[in-house]
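User: Please take a close look at one strand of this model. I would like to know what it pairs with and where it sits in the overall fold.

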Amino acid sequence: MGATLGNSGSPRWYDCDLQRFEEYLELLSDCGASGAEIVLHDGDADEFTSRVHVVREDWEPVIRRYRERDLSVSVHGPLTPEFSPQRWREEPDRTLKRYRPVLDQVRELSREQGPTNLVLHAITDRSRTPGDNERQTARFLQAILNELERTSSDVTVNVELRAYRPDRASAAATTRASALRIVEQTESNLIGICWDLAHDLESRIVLGNEWVEPDEQFLNRVRHVHLHDLGPEDEPHYPPLTGRVPLESALNRLDAVPAIMEVRWRMAERVGEPWDVLRRSYRAVQDRRRS
Ligand SMILES: [Zn+2]
């Protein structure tokens, strides 16, 4: 099995406890994980933020221990408002400055492990048109890439396909077509798409569009994949155990692209014992990759 498979969600999976992190890493080894995704944060972090993000003081020990286990680490950009692309549009210089330590860390990671994926969200500005949000998102991704390339790097910057929601109808990158328009408006092949298959399906359900297999043009720009599923009542971030999202096409046609399960601890807890749910999720994805 060549392609990278991992999951996101630390530090929640080990309850923010670096002692328990060792045990969690054992679990990942047993599951055959070869990657991981972490959400980096820099700055003051409240309780919620520090459960979702790896906070600054933990960057070094967490990344080192993943790397000691030979897991290749992908990074998701911070989710707090001061790092949002909307904020970048209002205050580009200040926002890029806030990003700098995060980008330095991503670059250092790429020097150590080789090609590294960074995942960022697109602009959600309800007062603007979808086209405007797409254009500004393209500029944001380009600005981040330029910042990374000030010194050499081996980092691909990816915009995540997120779920379409009627209350944020003009948000960018909520369909494949929108994500593709964004990356095609940039000048670099190092800007790609994080294809979140479950969000793709969620958007389709809300917009009344059937699932279709992706075309080559889209697949050519996919550099990162997020895997999860929908629950029986369309609950998002369900473990990949329900078979609703057609994972096979992504797993078989994107063999060289890292696949990261976005199985949320909170949802896993509703399904069963979380670590056991994670173990079953790895098995389910590995079985479907072989089939
Ligand atoms: Zn995301």
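Analyst: In this predicted model, N7 stands opposite M261 in β8. That strand covers residues 259-261. β1 and β8 pair in the parallel sense, over three bridges.

N7 has a second partner strand. It stands opposite A36 in β2. One position earlier in the numbering, G6 stands opposite G35, also in β2. β2 spans residues 35-39, and its pairing with β1 is parallel as well, over four bridges. From β1 the chain passes through helix α1, residues 18-31, and then enters β2. This β-α-β crossover is right-handed.

Now the strand itself. β1 takes in residues 5-10. It is mostly covered: six of its six residues are buried.

Next, the wider sheet. β1 belongs to a closed barrel of eight strands, with parallel pairing. The order runs β1-β2-β3-β4-β5-β6-β7-β8. From one strand to the next, the twist averages 30°. The pairing of β1 with β8 joins the two ends of that listed order.

Elsewhere on the barrel, helix α5 gives a view of how a helix lies against the strands. α5 covers residues 92-113 and lies across β3 (72-76), β4 (116-120) and β5 (155-160). Its direction is about 155° to β4.

Back to β1, in short: the strand is buried, with β8 as one parallel partner and β2 as another. N7 faces a residue in each, M261 in β8 and A36 in β2.

Note on methods
Residues are numbered from 1 along each chain as its sequence is written. This is a predicted model: local features need pLDDT of at least 70, side-chain atom pairs count only at pLDDT 80 or more; totals for chains, interfaces and linings use all residues. A residue is buried if 20 or more other C-beta atoms lie within 10 Å of its own, exposed if 12 or fewer, and partly exposed in between; C-beta atoms are placed from the backbone. Two strands pair if DSSP finds at least two bridges between them. A crossover is right-handed if, with the strands pointing away from the viewer, the path from the first strand over the helix to the second runs clockwise. Axes are lines fitted to C-alpha atoms, for helices over the stretch in contact, and angles run from 0 to 180 degrees between N-to-C directions. Two residues are in contact if their C-beta atoms, placed from the backbone, lie within 7 Å.
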